[in-house]
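Here is a short briefing for a first look at this structure. Keep the model in view while you read the points below.

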Amino acid sequence: MEATAATPPTPFMHRAVLACAAVAKKLDRLQPLFALALRLYVARVFFTSGLIKLGSWAATLGLFQNEYHVPLLPPALAAMMGTAAEIGLPIFLFLGLGTRAAAIALFVFNVVAATSYPDLSVAGLKDHILWGSLLLVTIFYGPGRIALDHWIARRAGA
């Protein structure tokens with residue numbers, strides 16, 4: 001077999017690679033803000049839903065008795081647990097404290113919510129898929145540097 005030398009990159013290719021690297025570097029600087037914005041958006045969605053449930057507890061109980069079919073839980077307990085999850089977990093997500101655990105819990109909650117409501121519209125299902133996808137980003141990539149988790153890890157020397 002004959003050995004062939006690698007052809008050197010053309011000046012255009014070299015400039016293109018450098019330009020891509022420069023753009024990637026700038027995007028990397030924005031990652032903490034993106035991670036924060038993502039956490040705040042998802043936290044707001046769930047927290048707002050929890051506040052609505054708290055605003056009319058009788059209506060919330062009615063929904064869990066007649067509309068939502070949460071497996072294995074009595075409706076009143078499901079309503080309390082669901083509302084507590086929607087109020088408490090977004091606070092952790094917002095603060096970036098125990099972020100991955102909160103995101104995992106909200107992801108599971110989101111799946112249960114989407115599958116427990118048989119009349120969920122196509123648009124509603126798309127919303128749940130979006131929220132679940134955004135939670136997966138936080139689960140796999142973490143909360144970013146603008147989070148109490150990051151601050152605590154730095155203070156602990158981790």
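A search of the whole structure turns up one salt bridge. The model is predicted. The points below start with that bridge, then turn to a helix and to the aromatic rings.

**The salt bridge**

- Lys53 and Glu86 form a salt bridge through their side chains, at 3.0 Å from N to O.
- This pair joins distant parts of the chain, with the two positions 33 residues apart in numbering.
- Lys53 belongs to helix α1 (residues 11-55), and Glu86 belongs to helix α3 (residues 75-95).
- Are the two partners buried or exposed? Both Lys53 and Glu86 are buried.

**Helix α1**

- Helix α1 has 45 residues, so at 1.5 Å a residue it should span 66 Å.
- Its end C-alpha atoms lie 64 Å apart, which agrees with that expected span.
- Where does α1 kink? A kink of about 45° sits at Leu30, shortly before the proline Pro32.
- Pro32 is also one of the buried residues of α1.
- Other buried residues of this helix include Ala35, Leu36, Leu38, Arg39 and Val42.
- Further along α1, Ala43, Val45, Phe46, Gly50 and Lys53 are buried too.
- Which helices help cover these buried residues? The cover includes α2 (57-66), α3, α4 (99-116) and α5 (122-141).
- Lys53 thus appears in two places: among the buried residues of α1, and in the salt bridge with Glu86.

**Aromatic pairs**

- The count of aromatic pairs comes to four.
- One of them is Phe64 with Tyr68, an edge-to-face pair at 4.9 Å centre to centre, with 85° between the planes.
- Phe64 counts as buried because its relative accessible area is 9%, under the 20% cut-off.
- Tyr68 has a relative accessible area of 23%, so it falls between the 20% and 50% limits and is partly exposed.
- Tyr68 also pairs with Tyr117, again edge-to-face: the centres are 5.4 Å apart and the planes meet at 85°.
- What does this second pair link? It links distant parts of the chain, 49 residues apart.
- Tyr68 is in the loop between α2 and α3, while Tyr117 is in the loop between α4 and α5.
- Tyr117 counts as partly exposed, at 25% relative accessibility.

**An aromatic cluster**

- Phe46, Phe109 and Trp131 make up one aromatic cluster.
- Phe46 is listed among the buried residues of α1 as well.

Definitions and conventions. Residues numbered from 1 in each chain as written. Predicted model: local features only at pLDDT ≥ 70, side-chain atom pairs only at ≥ 80, totals over all residues. Heavy atoms only, no water. Salt bridge = Lys/Arg side-chain N within 4 Å of Asp/Glu carboxyl O. Helix = DSSP H or I, 4+ residues; strand = E, 2+ residues; numbered from the N terminus. Buried < 20%, exposed > 50% of the residue type's maximum accessible area, 1.4 Å probe, protein only. Expected span 1.5 Å × (residues − 1). Bend = angle between axes of the 7 residues up to and from the residue. Contact = heavy atoms within 4.5 Å. Phe/Tyr/Trp six-rings, centres within 6.5 Å; stacked < 30°, edge-to-face > 60°.
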